[in-house]
Amino acid sequence: MKAAVLHEVGGVPRYEDFPDPVAGEGEVVIDVRAVAVENVDKAIAAGTHYASSRYVEKLPVIPVFDGIGALPDGTLVGFGGPRLPYGALAEKTVVSREATVPMAEGLDPVAATVLSSAMTGMSIRSAGGFVPGETVLVQGGTGVAGRLAVQVAKLLGAGRVVATGRNAAQLEEVLALGADAVIDTSLPDDELAKAYAAACGDGYDVVLDYLWGRPTEILLRALTPDSFALAKPTRLIQVGELAGSTIALSGEALRTSGVEICGAAKGFTAESMGEAFAQIVEWSRSGSLTFSVERVPLSDIEAAWQRTDLGGRRLVVVL
Ligand SMILES: NC(=O)c1ccc[n+]([C@@H]2O[C@H](COP(=O)([O-])OP(=O)(O)OC[C@H]3O[C@@H](n4cnc5c(N)ncnc54)[C@H](OP(=O)(O)O)[C@@H]3O)[C@@H](O)[C@H]2O)c1
């Protein structure tokens with residue numbers, strides 16, 4: 001079969017021949033149809049993700065740990081956790097039968113790969129305790145997950161949605177998706193702190209953070225009151241770290257800002273994840289939740305893997 005094969009940590013996968021997988025006990029061979037290539041996949045292949053060692057311990061390996069494909073009887077499924085060295089970026093892969101879930105009826109495989117990113121938006125409710133009418137700040141709102149989150153927040157009934165980004169044209173697109181205000185994180189520190197304060201309305205109730213690093217440090221500074229007044233509580237949900245893997249967090253900021261920090265997985269159960277995804281599919285079907293995709297064939301993987309011009313579009317390898 002043809003596959004995208006990674007030969008070195010930090011390298012670029014190459015389109016080449018690879019032995020077909022054979023199903024063992026309890027396994028099934030999947031005929032792969034669509035695979036989204038995300039930051040997490042690149043970080044794993046680069047050896048910079050906390051889960052990297054498991055995936056790139058032995059090389060060569062086929063990258064990407066999930067996708068959409070067909071069972072031998074033709075049923076379309078979502079799959080995860082291929083048996084290494086197999087991965088999703090190949091004509092075929094092999095997974096445990098239990099690691100497949102039926103696709104929602106009529107859902108296009110490409111849409112299914114992108115819509116999973118909208119689950120991080122749903123975490124404003126499950127992890128952040130969001131209730132309708134509240135104000136949501138999406139840090140990194142110009143990315144694929146951020147754009148979906150802006151729309152999800154509105155669909156869940158947010159009173160106000162503020163989004164950040166660092167590209168003026170893309171921030172305009174996020175306004176068109178329904179954000180009430182946008183902030184350019186490339187502003188100098190003091191101006192950025194003022195922009196966070198100016199855009200918050202009655203205060204940010206929930207922050208969905210795909211960036212971390214400098215923008216979040218400045219946000220926390222902006223949330224820290226300059227008096228003994230009690231600050232309005234803000235629930236900050238950590239999702240990504242594209243602007244930096246660590247922040248300097250002073251005791252004072254945490255003590256006085258009213259910020260509570262948690263991870264996006266908090267509060268999700270298998271059942272509530274299923275319900276949340278069904279809601280996402282429904283919004284997508286009705287046209288209320290939109291996204292943009294860059295489709296590429298597997299044979300173009302080498303160039304596609306290195307692209308930096310996606311601007312809020314999800315790269316999806318279609319087989
Ligand atoms: N997709 C998911 O389902 C999922 C699940 C869990 C966690 N995450 C994490 O969430 C994050 C976002 O994922 P995504 O798929 O939306 O990524 P994406 O489409 O590549 O978008 C990344 C966004 O972050 C911005 N950005 C990148 N580096 C930045 C920096 N140094 N300073 C400020 N902004 C920066 C980008 O702006 P430019 O366009 O200007 O570069 C873009 O708006 C990633 O860390 C990912 O691992 C995603």
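**A friendly note on the two domains and the cavity**

1. The C-alpha centres of domain 1 and domain 2 are 31 Å apart. Please keep in mind as you look around that this is a predicted model.

2. To find these parts in the chain, start with domain 1, which is made up of residues 2–103 together with 291–318. Domain 2 covers residues 117–263, so to speak in between the two stretches of domain 1.

3. Where do the two domains meet? On the domain 1 side, seven residues are in contact with domain 2, and on the domain 2 side nine residues take part. Between them, domain 1 and domain 2 bury about 520 Å², with 55% of that area on carbon and sulfur atoms.

4. Three residues are worth picking out here: Gly311, Gly312 and Arg314. They supply 66% of the area that domain 1 buries against domain 2, which is more than any other three residues supply.

5. Next, the polar side of the interface. Two residue pairs are in polar contact between domain 1 and domain 2, both at pLDDT 80 or more. Sorted by class, the domain 1 side that touches domain 2 has three charged, three polar and one nonpolar residue. How many salt bridges cross the interface of domain 1 and domain 2? The rule finds zero.

6. Last, a look for empty space inside. The structure has one cavity of 30 Å³ or more, and the largest cavity holds about 130 Å³ of space. Its lining is formed by 15 residues. If you would like to go to the spot in the viewer, the lining residues closest to the centre of the largest cavity are Ile44, Tyr55, Ile62, Pro63 and Val64.

How values were computed: Residues are numbered from 1 along each chain as its sequence is written. This is a predicted model: local features need pLDDT of at least 70, side-chain atom pairs count only at pLDDT 80 or more; totals for chains, interfaces and linings use all residues. Side-chain values use heavy atoms; hydrogens and water are left out. Domain bounds come from an automatic or database domain assignment. Contact means heavy atoms within 4.5 Å. Buried area is the accessible area (1.4 Å probe) that two parts lose on being put together, summed over both. A salt bridge is a side-chain nitrogen of Lys or Arg within 4 Å of a carboxyl oxygen of Asp or Glu. A polar contact is a pair of N or O atoms within 3.5 Å; within protein, one must be able to donate a hydrogen and the other to accept it, and residues adjacent in sequence count only if both atoms are side-chain atoms. Ala, Val, Leu, Ile, Met, Phe, Trp, Tyr, Cys and Pro count as nonpolar, Asp, Glu, Lys and Arg as charged, and the others, Gly among them, as polar. On a 1 Å grid over the protein atoms alone, a cavity is a set of points where a 1.4 Å probe fits but cannot get out, and a pocket is an open set with protein on both sides within 12 Å along at least five of seven lines; lining residues have an atom within 4 Å of a point. Grid points are joined across faces, edges and corners, and a volume is the space filled by probe spheres set on the points.
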